[in-house]
Amino acid sequence: MSRRVRVGVLISGRGSNLQALMDACSASDYPAEIACVVSNVAGVLGLERAVRAGVPAHVVKHGTYASRESFDQAVDTLMVVADVELICLAGFMRVLSNAFVEKWRGRLVNIHPSLLPAFKGLNVHRHVLESGVRISGCTVHFVVPELDSGPIIAQAAVPVLPGDTEEALASRTLAAEHRLYPLALRLLAEGRVALEGERSVYRQVSSTSGELLSPGG
Ligand code: GRF
């Protein structure tokens, strides 16, 4: 198969989405490979997962940098040295500077556990349950300076069930995230979705392959 796109993944914790991406990359026909993992927190499970998979993993502790920009610069350097072409945020709990976001514009994506633009920010599942909506889900989107606001690449819907707790909804949503992120990364790596101006533009994604953009349960 043709050359694989080199991907960097930024994490802060458990790394279950990182695991889903690494698992997808282990298939011989997958168009991407994880070239580098960076965590801003030491000792997290995500780092262990990377090491287990033989992926170079680094800790860049944000607390040891004088500014957001200098932290981002250190992360950027690791990405460049690893020859990374695309960056996936996967539970990365730091706001990135505008300079970093602009530099990687169109090549920097995030997964968020709601159907954006609804329920941006933190404590998503609590807000979903409080709101009374019956359908939630997850979104992969391009990153822009405004938080959780970039053009949407793909989404998956998840039912909110009677009696749901935050934990139950989070775990149902997480299972959908693990299906969605590898699909979205495939589209990106194959050049079938790209950021053009303020919009996600699709190529060779026919109406019959809608399941790629919103995979079912
Ligand atoms: C996921 O729910 C993701 O959507 C959100 O943070 C969580 C990270 O989980 N951004 P994990 O570290 O990938 O297990």
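This is a short tour of the structure, stop by stop, with something to select at each one. Keep in mind that you are looking at a predicted model.

**Stop 1: the main core**

Select V7, V9, I34 and I153. Within the largest nonpolar core, which has 44 residues, these four touch the most other members. Now add helix α6, residues 166–189, and you have the element that gives the most to this core: nine residues. Next, colour residues 1–104 as domain 1 and residues 111–217 as domain 2; both give residues to the core, so it lies between them.

**Stop 2: around V7**

Which residues is V7 in contact with, leaving aside its neighbours within four places in sequence? Select A32, E33, I34, A35 and C36, then V84, L86 and C88, and finally L185; V7 is in contact with each of these. Apart from the main core lies another core, this one of 20 residues, and you can find it by selecting A35, A74, L108 and V143, which are among its members.

**Stop 3: helix α1**

Show residues 16–25, which form helix α1. Is this helix mostly covered or mostly open? It is mostly covered, with nine of its 10 residues buried. To see the buried ones, select S16, N17, L18, Q19, A20, L21, M22, A24 and C25. Then bring in some of what covers them: the strands β1 (5–11), β2 (32–39), β4 (86–89) and β5 (108–112), together with the helices α2 (45–52) and α6.

**Stop 4: the cysteines**

Stay with C25 for a moment, since it is buried, with a relative accessible area of 10%. A disulfide is a covalent bond between the sulfur atoms of two cysteines. How many disulfides does this model have? The count comes to zero. C25 is in no disulfide, and its nearest cysteine sulfur, that of C88, is 8.6 Å away. Now select C138, which counts as buried at 0% relative accessibility. The closest cysteine sulfur to that of C138 is in C88, 14 Å away, so the two are too far apart for a bond.

**Stop 5: the largest pocket**

To finish, look for the largest pocket, with a volume of about 980 Å³. Select G91, F92, M93, I111 and P113: of the 40 lining residues, these are the closest to the pocket's centre. The elements giving two or more residues to the lining are α1, β5, α5 (124–131), β6 (135–142) and α6. Helix α6 supplies the largest share of the lining, five residues, and you met this helix earlier as the element that gives the most to the largest core.

Note on methods
Residues numbered from 1 in each chain as written. Predicted model: local features only at pLDDT ≥ 70, side-chain atom pairs only at ≥ 80, totals over all residues. Heavy atoms only, no water. Core = buried A, V, L, I, M, F, W, Y, C linked by side-chain atoms within 4.5 Å. Buried < 20%, exposed > 50% of the residue type's maximum accessible area, 1.4 Å probe, protein only. Helix = DSSP H or I, 4+ residues; strand = E, 2+ residues; numbered from the N terminus. Domains from an automatic or database assignment. Contact = heavy atoms within 4.5 Å. Disulfide = S-S within 2.5 Å. 1 Å grid on protein atoms, 1.4 Å probe; cavity = no way out; pocket = protein on both sides within 12 Å on 5 of 7 lines; lining within 4 Å. Points joined across faces, edges and corners; volume = space filled by probe spheres on them.
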